[in-house]
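Subject: A structure for you to explore

Hi there,

Here is the structure I promised to hand over. Please open it next to this email, and then read on for what turned up in it.

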Amino acid sequence: MNILVCISRVPDTTTRILVGGDGVSIDTQGVKFIVNPYDEYAIEEGLRLREKNGGTVTAICVGPDAAKEQLRTALAMGVDKAVLVKTDKYFDSYFAAKNIAEVSKEMKPDIILLGRQSIDFDSFQVPSYLAELLELPSVSVVSKLTIEGNKVIAERDVEGGKEILETELPCIISAQKGLNEPRYPKLPDIMKAKSKPIEEKQPVEVEPKVSVIGMEIPSRKRIGKILADTDADIEEIVKSLHEEAKII
Amino acid sequence: MLDYYNITEEFSEEEKLVAATTKSFTDNEVLPIIEKYYSDGKFPMDLIKTLGELGLLAVTLPTKYGGSELNYVSYGIAMQELERGDSGIRSFASVQNSLVIYPIFTYGTDEQKNKFLPKLASGEFVGCFGLTEPDFGSNPGGMLTTATKTPKGYILNGAKMWITNGSIADIAVVWAKLDGKVNGFIVEKGTPGFTTIEMKGKHSLKASVTSELIFNDCLVPLNNRLEIEGLRGPLSCLNQARYGISWGAIGSAIASYETALNYAKTRIQFGKPIASFQIIQEKLVWMLNEITKAQLVSYHLGRLKDKKLDRPQQTSLAKRNNVDIALQCARLAREILGANGILNEYPVMRHMANLESVKTYEGTHDIHTLILGADITGIEAFS
Ligand SMILES: Cc1cc2nc3c(=O)[nH]c(=O)nc-3n(C[C@H](O)[C@H](O)[C@H](O)COP(=O)(O)OP(=O)(O)OC[C@H]3O[C@@H](n4cnc5c(N)ncnc54)[C@H](O)[C@@H]3O)c2cc1C
């Protein structure tokens, strides 16, 4: 099985984000970057498919030279080889998808796996763009994947339930949390990853479809509501945790 | 994680990954269970397999023997993360990496290496290191355990005490005098004449097994002797382990510091967070200051070690300093937490108690003072 996993380089979830001097990008000074957490599920699923069916897993990233660090993480997790489409410029989802599509056309993967979204800009666009550019079926936000022969069964979480879809290889799957439990790289594999190849490619230059014209840090006002332990208050706490804070 | 001087930015890609993997291991596998094992006085045996699979038991050992073949900075980073969990877990890994695998790799025959190293690296075999005796701690050269050569093998007689992993070990690296000179022997579990007794009643390193080893006309095969003679054999192993301990202590100190910092910001007294009081801030800054210095010492020592430019005395300084400040951090954190500081809901009292052992084993704090004193004055105060 020829498996392609797309990964993106995103700021660490614990980093404090500041807007850069230009007002349209983030200030990367002192920011730690990681593999996009949703992509870890995609990597893990790729590795499991290889373990079951044989073949190779290739990781691809569109990004700056420093993104080799994230590709190296994928290699240490067990990915066989990596491709970096190197660009130092600002790029949008279309640019990323277009460049992944170009590489895919050569590679002809049986399956392309991605995270459901990149947690930096949360545009959710790359999987769909890619499906369109490659004219392949795609299922997004998948929390369970079963592949038998060419038949693909994908489960996705929908509001209050599950949706089960069927399609065929080759296809594009974007991963949701819960798809699997991503492994952490073992130390011997970290050592071996050093000698695995990262191929660098020049990007196909395309005009971005969208451009950023402004970026702002949301200002948060403290409401300072005091609630006690009456049933009504408890209901309100639950409601605000769910709807305002969005943490439950 | 506290990294005031951005030392992690100096880490290579591999070193960063080692940090991430060990951190996840500690967060997911150690922290959720450790208080229970500690209060029950048990070592979490189930962790051994995962430690082995992740490559944490043989960090620098070449891959041909099942090791991870990484550098000493990576080893240090791993020990730091493990001890952020508990000194007992780090002790287990220190013994396996530095006190058992290291001497077999360095002084072992090919046969010994092939037979034992892969199993020790995977965690299938647990090892222990027997140097200290009931009457010889800081002065191991005085040991009474003897080995006598016979045509059938070496006959060991004597007793070792305070041996980490002793009762759970499949093999023991035992130091004994052969014709008056210290020699190392690999003794396998079940060898007639070899018994172990687990030591009970510890108030420290409770999540670690500590045992006595007893040798009563114990016959060890001729080809189980290590090819090294003199005290420099065991001392070279201790030098490896102490280096790892210097990093481990930082992990423990960070656990205390972070607990104290979070607590100080949320605990309200006199209408404001206690973090707003100058005395509390001074304590937190003391910890920040000392941890940062300790990190720089161990990091630089690791780089020296990877270039083979280190001296054992530099390791003495790192072990001595870092364990000492970690213990003081635990005590300050305990103060900042007030009464809550004594509860097992927080890790500080456990770290404090553990570090009392760490300060004593692998050369006591004072013995390292004397090693450094001898180094700079040229006069040995302990011979
Ligand atoms: C939990 C635990 C695990 C251990 N694990 C192992 C292990 O796996 N393998 C192993 O071989 N050993 C192990 N040890 C033993 C440890 O290495 C010894 O305890 C240590 O070397 C000190 O020896 P001692 O306890 O006999 O103290 P002593 O040597 O009796 O020292 C007592 C005090 O006297 C001081 N002192 C001694 N000599 C001098 C001097 N010349 N000048 C000034 N002060 C001096 C010491 O600093 C100390 O304060 C372990 C110990 C503990 C507590």
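Which polar backbone atom is 3.0 Å from an oxygen atom of the ligand? The backbone atom belongs to B:L131.

Some ground rules before the rest. This is a predicted model, in which local features need pLDDT of at least 70 and side-chain atom pairs count only at pLDDT 80 or more, while totals for chains, interfaces and linings use all residues. Residues are numbered from 1 along each chain as its sequence is written, chains are lettered from A and ligands numbered from 1 in the order in which they are written, and side-chain values use heavy atoms, with hydrogens and water left out.

**Around the ligand**

Two side chains also make polar contacts (pairs of N or O atoms within 3.5 Å; within protein, one must be able to donate a hydrogen and the other to accept it, and residues adjacent in sequence count only if both atoms are side-chain atoms). B:T364 places a polar side-chain atom 2.7 Å from an oxygen atom of the ligand, and B:T164 has one 2.8 Å from a nitrogen atom of the ligand. On its own, the ligand has 980 Å² of accessible area, and the protein covers 67% of that. Accessible areas come from the Shrake-Rupley method with a 1.4 Å probe, and for residues only the protein chains shown count as cover.

In total, 18 residues surround the ligand, and the closest are B:T132, B:S138, B:W162, B:T164 and B:T364. A residue is near the ligand if one of its heavy atoms lies within 4 Å of it. The shell divides into 9 nonpolar, 7 polar and 2 charged residues. Here Ala, Val, Leu, Ile, Met, Phe, Trp, Tyr, Cys and Pro count as nonpolar, Asp, Glu, Lys and Arg as charged, and the others, Gly among them, as polar. In chain B, β3 (153-164), α10 (348-360) and α11 (365-377) each supply at least two residues of this shell. Helices (H or I, at least four residues) and strands (E, at least two) are DSSP runs, numbered from the N terminus.

**Salt bridges**

How many salt bridges does a search of the whole structure find? There are 40 over all chains, where a salt bridge is a side-chain nitrogen of Lys or Arg within 4 Å of a carboxyl oxygen of Asp or Glu.

Take B:R90 and B:E83, whose closest N and O atoms are 2.4 Å apart. B:R90 counts as buried because its relative accessibility is 1%, and B:E83 is buried too, at 0%. Buried means under 20% relative accessible area, exposed over 50%, and partly exposed in between (1.4 Å probe, protein chains only).

B:E335 pairs with B:K283, with closest N and O atoms 2.9 Å apart. B:E335 lies in helix α9 (residues 312-336) of chain B and B:K283 in helix α8 (residues 278-306), so this salt bridge ties together parts that are 52 residues apart in sequence. B:E335 is partly exposed at 40%, whereas B:K283 is buried at 18%.

In chain A, a network of salt bridges links A:E44, A:R48, A:E51 and A:R183.

**A patch on chain A**

A:I234, A:I237, A:V238, A:L241, A:I247 and A:I248 make a nonpolar surface patch of about 500 Å². Patches are made of residues with over 30% relative accessible area and no salt bridge: like charges are joined within 9 Å, nonpolar side chains (Val, Leu, Ile, Met, Phe, Trp, Tyr) within 5 Å. A:I248 sits in the segment after α6 (231-243) of chain A and is exposed, at 54%.

**Backbone surprises**

Most residues other than glycine have a negative phi, and most peptide bonds are trans. Where is A:F124, which has a positive phi of about 60°? A:F124 is in the loop between β6 (111-115) and α4 (126-134) of chain A, and is partly exposed at 38%. B:N165 also has a positive phi, near 70°; this residue is in the loop between β3 and β4 of chain B and is buried at 1%. Finally, a cis peptide bond with omega about -10° joins A:L169 and A:P170, and A:P170 is in the loop between β9 (161-168) and β10 (171-175) of chain A.

Happy exploring!
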